[in-house]
Amino acid sequence: MIRRLWLIGCGAMAGAMLRRWIESETLAPGDVFVVNRGDRALPAGVAQGRACPPGPLPDAVLLGVKPQQLDEAARAHAGALSGAPLLISILAGVRCEAIAARFAAGAVVRAMPNLPVAIGKGVVALEAPDASIEARAAAEALMRPLGLVEWVERFDLVTALAGSGPAFLYRFIDALAVAGARLGLPEAQAARLALATVEGAAALAAAADVGPGALADRVASPGGSTRKGLDVLDEDEALVRLLEQTLAASEARNREMGVGVFRYTPSLEGNDDGET
């Protein structure tokens with residue numbers, strides 16, 4: 001069980017995860033330490049600094065820097081983290097073997113959360129090819145308060161669907177509102193209607209006993225206005241093909257980032273007080 005956690009980097013995503021863990025009492029503020037290049041607004045009681053604190057290692061370390069900062073983080077902190085029981089990485093596109101090449105940890109788990117983890121409604125994809133059953137169980141237990149947790153194989157694709165998915169949905173909500181405004185609704189009203197519509201539809205879909213496709217068909221009466229709109233989206237699978245292209249582009253970029261990061265010659269020399 002993970003009780004003590006260090007975070008190397010605490011940007012928007014890691015910060016959202018941390019706040020949820022504190023709010024859900026998964027972690028106590030006094031058992032968390034954040035290593036950051038500058039102080040951030042953190043939950044009350046969470047300590048932070050520029051380098052890892054002295055003393056025993058925590059139960060787990062969350063690596064939350066940007067992917068392009070990985071080598072910098074390794075030079076600065078790999079020595080201090082050597083022997084950590086569990087290292088969890090949320091770096092997009094960076095594979096477990098790339099993390100293991102830079103940090104001497106007991107186990108490495110790759111995680112990809114999305115932003116709704118902040119309210120416990122997120123998705124967290126996990127991958128750990130070489131981790132023990134115990135390490136996998138500990139990582140999964142830590143992530144459960146954040147939302148749906150899934151162990152996956154096509155990690156780059158899942159990152160595109162669930163990790164980047166909220167951004168795609170936000171764009172859809174915005175587009176729905178813009179379309180309404182262009183056809184005559186007041187802009188602010190269209191935005192409110194679009195957001196509330198998507199929020200309610202998502203909640204209903206989550207509680208339904210059938211899939212979203214069947215729900216759409218239930219709403220659409222034959223020859224009715226909804227069916228006419230769906231005909232535009234469904235013609236030649238227009239919406240499906242658009243989203244397939246969207247996910248494929250995102251997945252390809254994840255793979256590209258992973259290939260670039262893995263070209264690495266280990267070197268732990270450097271300033272242990274370096275920035276991440």
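This is a short tour of a predicted model, going from the whole protein to two single residues.

**Whole chain.** Start with everything displayed as a cartoon. The protein has 276 residues, 38% of them buried, and its secondary structure comprises ten helices and eight strands. Along the principal axes, the C-alpha atoms fill a box of roughly 70 × 40 × 35 Å. Of the contacts with a separation of 6 or more, 65% join residues 24 or more positions apart.

**Surface.** Switch to a surface view. About 14,900 Å² is exposed, and carbon and sulfur atoms supply 57% of that area. Colour by charge next: there are 26 positive and 32 negative charges, and the mean positions of the two sets lie 3 Å apart.

**The negative patch.** Select Asp231, Asp234, Glu235, Asp236, Glu237 and Glu244, which form a negative surface patch. Then pick out Asp236 alone, in the loop between helix 9 (225–234) and helix 10. Is Asp236 buried or exposed? Its relative accessibility is 60%, so Asp236 counts as exposed, the cut-off being over 50%.

**Into helix 10.** Now select residues 238–262, which are helix 10, and find Ser250 within this helix. Ser250 has a relative accessibility of 15% and therefore counts as buried, since the limit for that class is under 20%. Which residues does Ser250 touch, leaving aside those up to four places away in sequence? Show the side chains of Ala160, Ser164 and Phe168: these are the contacts of Ser250.

Technical notes
Residues numbered from 1 in each chain as written. Predicted model: local features only at pLDDT ≥ 70, side-chain atom pairs only at ≥ 80, totals over all residues. Heavy atoms only, no water. Helix = DSSP H or I, 4+ residues; strand = E, 2+ residues; numbered from the N terminus. Buried < 20%, exposed > 50% of the residue type's maximum accessible area, 1.4 Å probe, protein only. Contact = heavy atoms within 4.5 Å. Patch = residues over 30% accessible without salt bridge, like charges linked within 9 Å, V, L, I, M, F, W, Y side chains within 5 Å. Areas by Shrake-Rupley, 256 points an atom, 1.4 Å probe, with all protein chains shown as cover. Salt bridge = Lys/Arg side-chain N within 4 Å of Asp/Glu carboxyl O. Lys, Arg positive; Asp, Glu negative; His and termini not counted. Charge placed at Lys NZ, Arg CZ, Asp CG, Glu CD.
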